[in-house]
2 protein chains.
Amino acid sequence: MSAVSASTNRQRASQRRRAPQIIEAAAQVFAERGFHGATTQDIADVLGIRQASLYYYFSSKEAALELVCLRGVEGFFEAAKAISTGPGDARKRLILLIESHLSPLLDRGNFIKVFLNERQFLPTESRRRIGRWSRGLERIFEDVIKEGIAKGEFRADLNVRLVTLAILGMCNAASSWYGKENFSVATLAAEFARLVTDGVDKRPAGRRPSR
Amino acid sequence: MSAVSASTNRQRASQRRRAPQIIEAAAQVFAERGFHGATTQDIADVLGIRQASLYYYFSSKEAALELVCLRGVEGFFEAAKAISTGPGDARKRLILLIESHLSPLLDRGNFIKVFLNERQFLPTESRRRIGRWSRGLERIFEDVIKEGIAKGEFRADLNVRLVTLAILGMCNAASSWYGKENFSVATLAAEFARLVTDGVDKRPAGRRPSR
DNA sequence: AATTCCATCTATTGAGCTATAGAAAATGAG
DNA sequence: CTCATTTTCTATAGCTCAATAGATGGAATT
């Protein structure tokens, strides 16, 4: 390997030292003000450095958005896939899917918020890539719901697509108020899962399917 | 009445002639690109007029956002209030609340989308006003749910606040995909209402409370 | 026909923003 | 302590955009 590429490698490694903080600041600012409402100056202010210094870490504001969105989605698909192909009946797996979809709110709230609200402003190619990713995740939910219907665990008259969109909408909305409301992710996940499986209606005791 | 105020009245009346189209165009553009991503030039292009001509109809871009948001929320509260104080058991009224919350998607989708996603960029005062309005609407849902619990229609272990946020999140999310997905508002409302009351779980026939 | 009013236009100002160039400071290895 | 490399800085170019000022032409009013 030539001296040039050795130097390049070293450079990348050191950039990575502070890079996480930079992206975190970008996530925070994009989450608060939106991509177009945020300025690179705002990001620099959070870090206590000069606006132009940011360009040592990313080549454009759009590139920063891309990095934030990538961390926003990272892991979701893999975790969901593992659950959907894992053990348990469809009902149990749907509950796990909901919990797993909510849990990253805890430590990556800003990234997820930015992904949900600002991904539309990504450059065409990465927007498409993330679109495909997103449809893949929906597909996982749909498949588990279909299986639940086929096995007689879920109502046969469910509209699979609509139920999926309802569940994801419900979960994703949490990113907008989680932190303002006083709920732990665990409480949130438990309540949402129970709502999805059982609904709000009370029904005679001892008549629910065993869990 | 003086000549001056007669003239003022006439002016206002004529402004109103085209004003609805102007606001509609603003709603469309804000919905597509977001408030900060949209330019006044974009709005003018939709209307086929010059950018500066818009300022005959509103005094600033922010003022345009305010007009769009106002039309976005208009009617929601009144309709919900009427339902919550109207006839029927809590269950029936909750279903009506969901339907009523979804139905404006049909003819005011862009306004609602802008209200949901861009209201954070309103000037302080109107943002606060809309915040109070919003909490009022949540309160209506919460009260109906509480009543349902008190009367034994709903599960006693419901977390009222979380269930409210879940329902509203689910409904509001529809604004982002309604139009891309092939569902009528009626189908949507029926499926969402059923999901909220009954959940996805199948349970033995003939054991559900009568409706 | 003259006058007033409405709606839109042209032209422009001034502010704010992204991104680049190149200098300077900090870091760290030998 | 020296030198190479990494990181941050200053300065600014170049662009886009919201908003204002004042002109214009057509419609309505008298």
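**Exercise 1. Which residues of helix α2 of chain B are buried?**

Begin with the ground rules. This is a predicted model, in which local features need pLDDT of at least 70, side-chain atom pairs count only at pLDDT 80 or more, and totals for chains, interfaces and linings use all residues. Residues are numbered from 1 along each chain as written, chains are lettered from A in the order written, and side-chain values use heavy atoms, without hydrogens or water.

Step 1. Fix the terms. Buried means under 20% relative accessible area, exposed over 50%, and partly exposed in between (1.4 Å probe, protein chains only). Helices (H or I, at least four residues) and strands (E, at least two) are DSSP runs, numbered from the N terminus.

Step 2. Go through residues 40-47 of chain B. The buried ones are T40(B), D42(B), I43(B), A44(B) and L47(B).

Step 3. Look past the helix end. G48(B) follows α2(B), and its phi is positive, near 70°.

**Exercise 2. Describe the fold of chain A, then place I112(A) in it.**

Step 1. Count elements. Chain A has 9 helices and 0 strands. Of its 211 residues, 47% count as buried.

Step 2. Check the range of contacts (heavy atoms within 4.5 Å). Among chain A contacts between residues at least 6 apart in sequence, 65% join residues at least 24 apart.

Step 3. Find I112(A). This residue sits in helix α6 (residues 105-118) of chain A. I112(A) counts as buried because its relative accessibility is 7%.

Step 4. List its partners. Beyond four places in sequence, I112(A) contacts G72(A), F76(A), P104(A), L105(A) and S175(A). C69(A) is 43 residues away in sequence, yet the C-alpha atoms of I112(A) and C69(A) are 7.4 Å apart.

**Exercise 3. Characterise the interface of chain A and chain B.**

Step 1. Take the area. Buried area is the accessible area (1.4 Å probe) that two parts lose on being put together, summed over both. Here the two chains bury about 4,100 Å², with 59% on carbon and sulfur atoms.

Step 2. Count residues. On each side the number is 44: 44 of chain A contact 44 of chain B.

Step 3. Count salt bridges, each a side-chain nitrogen of Lys or Arg within 4 Å of a carboxyl oxygen of Asp or Glu. The interface holds 6. One of them joins R161(B) to E181(A), with the closest N and O atoms 2.5 Å apart.

Step 4. Name the helices. In chain A, α1 (3-33), α5 (90-102), α8 (160-177) and α9 (185-198) each supply at least two residues of the side that touches chain B.

**Exercise 4. Trace the salt bridges of D201(B) and E147(B).**

Step 1. Start with D201(B). Its side chain meets that of R91(A) at 2.7 Å, N to O. This pair crosses between chains, from the segment after α9 (185-198) of chain B to helix α5 of chain A. Both residues are buried.

Step 2. Widen the view. R91(A), R194(A), D198(A), R155(B), D157(B) and D201(B) form a network of salt bridges.

Step 3. Turn to E147(B). E147(B) bridges to R93(B), closest N and O atoms 2.7 Å apart. The two are 54 residues apart, E147(B) in helix α7 (residues 124-150) and R93(B) in helix α5 (residues 90-102) of chain B. A second bridge joins E147(B) to K151(B) at 2.9 Å, N to O.

Step 4. Assign exposure. R93(B) is buried because its relative accessibility is 5%. E147(B), at 25%, is therefore partly exposed. K151(B) is exposed, with 57%.
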